[in-house]
Amino acid sequence: MSQLTEAIVGATRLGHKAFIPYIMAGDGGLDTLKPTILKLQQLGVTAIEVGIPFTDPVADGPTIEEAAVRALAKGTTLRKVLETLASFADEITVPLVAMTYLNPILAYGIDAFAKDAYEAGIRGVIIPDMPLEESTIVHPSLKAYGVDLVQLVSLTSTPERIEKLTKASEGFIYAVTVNGITGARSTFEGDLESHFKKIQSYTDTPVLAGFGISTPEQVIQFGTFTSGVIVGSKIVDSLTKDDWDTIESLVKASKIQIL
């Protein structure tokens, strides 16, 4: 069991649900990365998804896209993010998951990226613009350095596609809750519980819900039929406002005993 999977399973063993906040590296400057990660650790998150700003994000909604624009304006690059993380890697106590696009990895050098990512505390990578069929481009190098390649499963995936994705995914399954891009939502459509249970039926790897989750009530709701949640836009917005109370309330919701 990988370090990332172990962290998620460890949360469920305690009767909690995994909680993974998404942050945009470099939003507010790279000097904010260390205090933000250390504070999130202190609040008791399971892992932290670290977004790498990119000029052409296909999966990001307005909140995260605007954060990427701000980060890029401050000169944030994949290399600078990994260097910054490596500078305090000995203080990082939870697995980090990098959310990046394929082009920055290719420009960095695949093997060099895998090595430097691991040394920076990265234990999982999400590449939303890389189809499963192309994953052999990066997977051997990631696997050699002990970095999981996490797959996304959409609402429109066929049963055959879901089975392939879940069997290939490492660390956890990133199960998307909506059709479309990221962003806080007040409601969700369809029988998501049945959909998520179907995904889990194909694999023992933990299934986490992501996209649109923005309230403690939604954290609890999705926790009734998944191993946990990923919260992005609401976290990014709260960090911009220095609103740690909202972030803490979301984390606490994941620790409520769900019968």
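Here a trainee and a mentor chat about a predicted protein model.

Trainee: What pLDDT does the protein average, and where is it below 50?
Mentor: Let's start with the whole protein: 93% of the residues score at least 70, and the average pLDDT is 92. There's a weak patch, though, and beyond near neighbours in sequence it has 10 contacts in the model. The stretch with pLDDT below 50 is residues 183-187.

Trainee: Are helices α11 and α12 roughly parallel or roughly antiparallel to each other?
Mentor: Find α11 at residues 233-240 and α12 at residues 244-254. Their axes lie 8 Å apart, and the packing angle is about 150°. Angles over 145 degrees count as roughly antiparallel. So the two helices are roughly antiparallel.

Trainee: Which kind of residue, nonpolar, polar or charged, has five members in the contact of α11 with α12?
Mentor: On the α11 side you'll see K234, I235, S238 and L239. Facing them from α12 are W244, T246, I247 and L250. Sort those residues and you get one charged and two polar, while the five are nonpolar.

Trainee: What space lies in the second largest pocket?
Mentor: To find the spot, look for D27, T32, T36, L239 and T240, which lie nearest the pocket's centre. They belong to a lining of 15 residues, split into seven nonpolar, five polar and three charged. The space in there is about 260 Å³.

Trainee: Which element gives the most to the lining of that second largest pocket?
Mentor: Three elements each supply at least two residues: β1 (18-24), α2 (33-43) and α11. One of them gives three residues, the most of any. You've already met it packing against α12: it's α11.

Note on methods: Residues are numbered from 1 along each chain as its sequence is written. This is a predicted model: local features need pLDDT of at least 70, side-chain atom pairs count only at pLDDT 80 or more; totals for chains, interfaces and linings use all residues. Side-chain values use heavy atoms; hydrogens and water are left out. pLDDT is the predictor's confidence in each residue, from 0 to 100. Contact means heavy atoms within 4.5 Å. Axes are lines fitted to C-alpha atoms, for helices over the stretch in contact, and angles run from 0 to 180 degrees between N-to-C directions. Helices (H or I, at least four residues) and strands (E, at least two) are DSSP runs, numbered from the N terminus. Angles under 35 degrees count as roughly parallel, over 145 as roughly antiparallel, 65 to 115 as roughly perpendicular and the rest as oblique. Ala, Val, Leu, Ile, Met, Phe, Trp, Tyr, Cys and Pro count as nonpolar, Asp, Glu, Lys and Arg as charged, and the others, Gly among them, as polar. On a 1 Å grid over the protein atoms alone, a cavity is a set of points where a 1.4 Å probe fits but cannot get out, and a pocket is an open set with protein on both sides within 12 Å along at least five of seven lines; lining residues have an atom within 4 Å of a point. Grid points are joined across faces, edges and corners, and a volume is the space filled by probe spheres set on the points.
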